[in-house]
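Welcome, and please take a moment with the sequence and the model. The report below walks through the fold, its pairings and one residue in particular.

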Amino acid sequence: MEPTDEEVVETAAEAAEGYVFSQLATSDVDDLDVTVSFEDGVLDVEVYITAPDADVDLDQVADDAALVAGQAVDDLFADG
């Protein structure tokens with residue numbers, strides 16, 4: 001049985017957020033916005049991070065978080 005659209009969105013959002021906080025201390029993150037849509041089989045994940053005190057490339061962390069989200073969704077379909 002295939003996952004529902006809601007399960008896909010939730011899985012992607014949780015994976016992206018989890019990745020961000022595996023790379024950054026919670027106290028360093030002022031704002032995290034993860035936007036996920038899944039329509040007609042197309043997953044769109046956008047991650048925006050505001051963390052002025054973080055000592056990492058925030059754009060790279062955001063891009064990687066989106067990739068991790070996509071992989072989590074791929075795994076969800078593989079398990080389904």
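Two residues are in contact when they have heavy atoms within 4.5 Å of each other. With that in mind, residues 24 or more positions apart account for 54% of the contacts in the chain with a separation of 6 or more.

## Overall picture

Please keep in mind that this is a predicted model. The chain holds 2 helices and 2 strands, and along the sequence they follow the pattern α-β-β-α.

Taken along the principal axes, the box filled by the C-alpha atoms is roughly 45 × 20 × 15 Å. Of the 80 residues in the chain, 29% are buried.

## The hairpin

Let us turn to the strands. Strand 1 covers residues 31-39 and strand 2 covers residues 42-50; they run antiparallel and are joined by 9 bridges. Together they form a hairpin with 2 residues between the strands. In the turn, Asp40 has a positive phi of about 55°.

One of the bridges is worth finding on your screen: Leu32 has Ile49 in strand 2 as its bridge partner.

## How the helices meet

Helix 1 spans residues 5-23 and helix 2 spans residues 58-79; their axes come within 8 Å and cross at roughly 140°. Angles over 145 degrees would count as roughly antiparallel, so helix 1 and helix 2 are classed as oblique to each other. Their crossing is right-handed.

Which residues of helix 1 meet helix 2? From helix 1 come Glu7, Val8, Thr11, Ala12, Ala15, Ala16, Tyr19, Val20 and Gln23. On the helix 2 side, they meet Val61, Asp64, Ala65, Val68, Ala69, Ala72, Val73, Leu76 and Phe77. The residues of this contact divide into 14 nonpolar, 2 polar and 2 charged.

## A closer look at Ile49

Ile49 sits in strand 2, and is a handy place to see the elements together. Is Ile49 buried or exposed? Its relative accessibility is 14%, and the cut-off for buried is under 20%, so Ile49 counts as buried.

Leaving aside neighbours within four places in sequence, Ile49 is in contact with Val20, Leu24, Asp31, Leu32, Leu58, Val61 and Ala62. Leu32 is thus a contact of Ile49 as well as its bridge partner. Two others in that list, Val20 and Val61, also take part in the meeting of helix 1 with helix 2.

For a sense of distance, Ile49 and Asp64 lie 15 residues apart in sequence, and their C-alpha atoms are 12 Å apart in space.

Note on methods:
Residues are numbered from 1 along each chain as its sequence is written. This is a predicted model: local features need pLDDT of at least 70, side-chain atom pairs count only at pLDDT 80 or more; totals for chains, interfaces and linings use all residues. Side-chain values use heavy atoms; hydrogens and water are left out. Axes are lines fitted to C-alpha atoms, for helices over the stretch in contact, and angles run from 0 to 180 degrees between N-to-C directions. Helices (H or I, at least four residues) and strands (E, at least two) are DSSP runs, numbered from the N terminus. Angles under 35 degrees count as roughly parallel, over 145 as roughly antiparallel, 65 to 115 as roughly perpendicular and the rest as oblique. A crossing is left-handed if the near helix is turned anticlockwise from the far one by less than a right angle, and right-handed if clockwise. Ala, Val, Leu, Ile, Met, Phe, Trp, Tyr, Cys and Pro count as nonpolar, Asp, Glu, Lys and Arg as charged, and the others, Gly among them, as polar. Two strands pair if DSSP finds at least two bridges between them. Buried means under 20% relative accessible area, exposed over 50%, partly exposed in between (1.4 Å probe, protein chains only).
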